[in-house]
Amino acid sequence: MKKTGIFYGSSTGNTREVAEMIASQLGVAPADVHDVAETAPSVLGDYDNLILGTATYGSGELQDDWYDFLAGAEQLDLSGKKVALFGCGDENMSDTFCGAVGELHDRMKQTGVEYIGEGYGTDGYEFSESQAVVDGHTVGLLLDCINHDNLTADRVKGWTDIVRLSL
């Protein structure tokens, strides 16, 4: 069976909670859920499937812990690994909603990964622009746990049902 690892960066706890929800839905053991602040990028190589999550801050920036982690990850050859992305944002930041998910997507592309879990949609959210929406399709699961926490559990379940088919 292929091994799945979940990697997240979280400052307020929302992204960590979503990572744990995803782990529960996919049957990923707690030992395979990693805070990037406490994990070496080389650990990505231990998994066949990677689920990466970040919050979006400021004008679309990644959660702080991702910057050093990605600098190391970008040096790796992760060809053949499947990657699904998720992120938390605030639709009130209408022109940068979940933009950091788009940055994760763009930066991990050079490592040779194959993306899964794209195109889930943004029903229930209102925003004008996002780096995580390319040609009208999302690059991963986008969530607003601040203004629409009531949608989070159902969106995570729907997305993980789709991702599970590609793992």
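This is a short tour of the structure in your viewer, one selection at a time. Keep in mind that you are looking at a predicted model.

**Stop 1: helix α1**

Start by selecting residues 14-26, which make up helix α1. How far apart are its end C-alpha atoms? They are 18 Å apart, which agrees with the 18 Å that 13 residues should span at 1.5 Å a residue.

Now colour T15, V18, A19, I22, A23 and L26, the buried residues of α1. Look down the axis of the helix: these buried residues fall within an arc of 145 degrees, so they line one face of α1. To see what covers them, add the strands β1 (4-9), β2 (33-35), β3 (49-57), β5 and β9 (141-143) together with helix α4, which are included in that cover.

Before moving on, click on G27, which follows α1. The phi angle of G27 is positive, near 70 degrees.

**Stop 2: the loop before α1**

Next, pick T12, in the loop between β1 and α1. Is T12 buried or exposed? At 61% relative accessibility, T12 counts as exposed. If you draw a distance from T12 to V43, you should get 24 Å from C-alpha to C-alpha, for two residues that are 31 apart in sequence.

**Stop 3: the nonpolar core**

Time to go inside. The largest nonpolar core has 47 residues. Select I6, F7, I22, L44, L52, W66 and F86, the residues with the most contacts inside this core. You have already met I22 as one of the buried residues of α1. The elements that give two or more residues to the core are β1, α1, β3, α2, β5, α3, β9 and α4.

Zoom in on L44. Which residues does L44 touch once its neighbours within four places in sequence are left aside? The answer is F7, L50, L52, F69, A73, L76, L78, K81 and M108.

**Stop 4: helix α2 and its rings**

Move on to helix α2, residues 65-73. Its buried residues are W66, F69, L70 and A73. They cover an arc of only 100 degrees around the axis, which puts them on the same side of α2. What covers them includes β1, β3, β4 (61-62) and α3.

Show the side chains of W66 and F69, which are 3 residues apart in α2, about one turn of the helix. A search of the whole structure finds 5 aromatic pairs. In the pair made by W66 and F69, the ring centres are 5.3 Å apart and the planes stand at 90 degrees, so the pair is edge-to-face. Both residues are hidden from the outside: W66 is buried with a relative accessible area of 0%, and F69 counts as buried at 3%. Add F7 and Y47 to the view, because ring pairs link these two with W66 and F69 into a cluster.

**Stop 5: salt bridges**

Side chains of opposite charge can pair when their charged atoms come close. How many salt bridges does a search of the whole structure find? It finds 6.

Select R107 and E74, whose closest N and O atoms are 2.8 Å apart in a salt bridge. This pair links distant parts of the chain: R107 is in helix α3 (residues 99-108), while E74 is in the loop between α2 and β5 (82-88), 33 residues away. Both R107 and E74 are buried.

Keep R107 in view and add E103, as these two side chains also meet in a salt bridge (3.4 Å, N to O). E103 and R107 are 4 residues apart in α3, or about one helical turn. E103 counts as buried, at 17% relative accessibility. Together, E74, E103 and R107 are linked in a network of salt bridges.

For the last selection, go to helix α4, residues 149-166. There D161 and R164 lie 3 residues apart, about one turn of the helix, and their side chains meet in a salt bridge (3.0 Å, N to O). Are these two buried or partly exposed? D161 counts as partly exposed at 29% relative accessibility, and R164 is partly exposed too, at 36%.

Technical notes: Residues numbered from 1 in each chain as written. Predicted model: local features only at pLDDT ≥ 70, side-chain atom pairs only at ≥ 80, totals over all residues. Heavy atoms only, no water. Phe/Tyr/Trp six-rings, centres within 6.5 Å; stacked < 30°, edge-to-face > 60°. Buried < 20%, exposed > 50% of the residue type's maximum accessible area, 1.4 Å probe, protein only. Salt bridge = Lys/Arg side-chain N within 4 Å of Asp/Glu carboxyl O. Expected span 1.5 Å × (residues − 1). Arc of directions from axis to C-beta. Contact = heavy atoms within 4.5 Å. Core = buried A, V, L, I, M, F, W, Y, C linked by side-chain atoms within 4.5 Å.
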